[in-house]
Amino acid sequence: MNDTLQYILEILGTFAFAISGIRHAAAKRFDWFGGYVCGVAVAIGGGTIRDLLLGTTPFWMTTPMYLICTAIALLFVVTFHHQMKWLQNAWFVFDTFGLALFTIAGLQKSLLFGHPFWVSIILGCITGAAGGVIRDVLLNNEPVIFHREIYAMACVVGGLLYWLLTVVGLSQGLVVVLTFLFICMIRFLAVRYHLSLPTLRGSDEA
């Protein structure tokens with residue numbers, strides 16, 4: 001059951017993140033191959049770093065499904081780009097879904113490897129947020145985690161909720177659903193109401 005849920009989360013996260021990356025690449029007028037590369041980088045980047053830290057084979061090297069899933073995401077964007085153009089925040093929605101799904105997948109895999117919750121929360125955050133950093137570097141954008149907009153902190157808070165719900169004794173399926181909704185809610189509310197963490201001030205600022 002754990003392996004099946006892990007696989008489903010990673011496939012859904014791959015599709016969501018790949019669409020986000022491909023949409024960003026389209027905004028930069030990349031060709032199809034460039035868009036695919038960007039989609040792959042976003043979809044597997046965070047999970048690859050997590051698996052290397054866990055000392056295991058990166059998840060995408062165990063089956064071609066993740067690369068195939070990214071190709072399907074590319075075809076989806078190419079086919080429905082006219083419809084998606086009307087949804088100006090479509091990339092943000094898919095990015096948020098990918099963030100939440102991969103955060104949970106990272107948490108669960110780290111726990112399966114026997115790591116304590118505080119380590120699992122960190123690795124969950126890396127799994128969710130690192131792909132977006134790689135995407136932004138490839139696109140020559142300022143990484144989203146350095147913006148005032150709440151991004152990686154949503155992963156951390158979501159991880160804490162996952163831990164709390166697990167301690168309470170809820171079923172794993174319910175914990176996953178509630179954590180997913182919670183991370184998405186944080187991101188949507190933060191953008192809707194311009195919520196952010198305080199910014200650092202330099203020594204020359206009052």
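Biologist: Let's start at the beginning of the chain. Why is D3 called exposed?

Modeller: D3 has a relative accessible area of 61%, and exposed means over 50%, so D3 earns the word. Keep in mind that this is a predicted model. As for its place, D3 belongs to helix α1.

Biologist: How far is D3 from W60 in space?

Modeller: Their C-alpha atoms are separated by 14 Å, with the two positions 57 residues apart along the chain.

Biologist: W60 makes me curious. What makes the link between the side chains of T48 and W60 a polar contact?

Modeller: The distance there is 2.9 Å. A polar contact needs a pair of N or O atoms within 3.5 Å, one able to donate a hydrogen and the other to accept it, so the 2.9 Å pair fits the distance part, and the pair is listed as a polar contact. The T48 side chain also has a polar atom 2.6 Å from the backbone oxygen of I44.

Biologist: Where does T48 sit, and why is T48 called buried?

Modeller: T48 is part of helix α2, which covers residues 32–54. Its relative accessibility is 16%, and buried means under 20%, so T48 counts as buried.

Biologist: Which residues does T48 touch, setting aside those up to four places away in sequence?

Modeller: P58, F59 and W60. Two of those names come back with Y66: leaving aside neighbours within four places, Y66 is in contact with Y7, E10, I11, T14, F59 and W60.

Biologist: How do you know that Y66 is buried?

Modeller: Y66 comes out at 2% relative accessibility. The limit is under 20%, so Y66 counts as buried. You'll find Y66 in helix α3. Its C-alpha is 9.8 Å from that of A18, although 48 residues separate Y66 and A18 in sequence.

Biologist: T70 is in helix α3 too. What makes T70 buried?

Modeller: T70 has 0% relative accessibility. Set that against the under 20% rule, and T70 counts as buried. Beyond four places in sequence, T70 is in contact with T14, A18, I22, Y36, G39, V40 and A43.

Biologist: Let's go further along the chain. Why is V119 called buried?

Modeller: V119 has a relative accessible area of 18%, and the cut-off is under 20%, so V119 is buried. V119 lies in helix α6, residues 117–138. V119 and L107 are 12 residues apart in sequence, with their C-alpha atoms 8.7 Å apart.

Biologist: What about N140: why is N140 called exposed?

Modeller: At 71% relative accessibility, against a cut-off of over 50%, N140 counts as exposed. N140 sits in the loop between α6 and α7. Its phi is near 60°, a positive value in a residue other than glycine.

Biologist: And how do you know that H194 is exposed?

Modeller: H194 is at 69% relative accessibility. The rule is over 50%, so H194 counts as exposed. H194 is found in the segment after α8, and its phi is positive as well, near 55°, in a residue other than glycine.

Biologist: Now the largest pocket. How much space lies in it, and which residues lie nearest its centre?

Modeller: The space is about 390 Å³. Of the 15 lining residues, R23, A26, A27, V77 and H81 lie nearest the centre.

Biologist: Which helix gives the most to that lining?

Modeller: α1 does, with five residues. Each of α1, α2, α3 and α4 supplies at least two. By class, the lining has nine nonpolar, two polar and four charged residues.

Biologist: Stepping back, how many helices and strands are there in the protein?

Modeller: Eight helices and zero strands.

Biologist: Why does the protein agree with a compact globule?

Modeller: For 206 residues, a compact globule would have a radius of gyration near 17 Å, and the protein has 17 Å, so the two agree. The C-alpha atoms fill a box of roughly 55 × 45 × 30 Å along the principal axes.

Biologist: What share of the residues counts as buried?

Modeller: 47% of the 206 residues. And of the contacts between residues at least 6 apart in sequence, 74% join residues at least 24 apart.

Key:
Residues numbered from 1 in each chain as written. Predicted model: local features only at pLDDT ≥ 70, side-chain atom pairs only at ≥ 80, totals over all residues. Heavy atoms only, no water. Helix = DSSP H or I, 4+ residues; strand = E, 2+ residues; numbered from the N terminus. Buried < 20%, exposed > 50% of the residue type's maximum accessible area, 1.4 Å probe, protein only. Contact = heavy atoms within 4.5 Å. 1 Å grid on protein atoms, 1.4 Å probe; cavity = no way out; pocket = protein on both sides within 12 Å on 5 of 7 lines; lining within 4 Å. Points joined across faces, edges and corners; volume = space filled by probe spheres on them. Nonpolar A, V, L, I, M, F, W, Y, C, P; charged D, E, K, R; others polar. Rg over C-alpha atoms; globule rule 2.2 N^0.38 Å.
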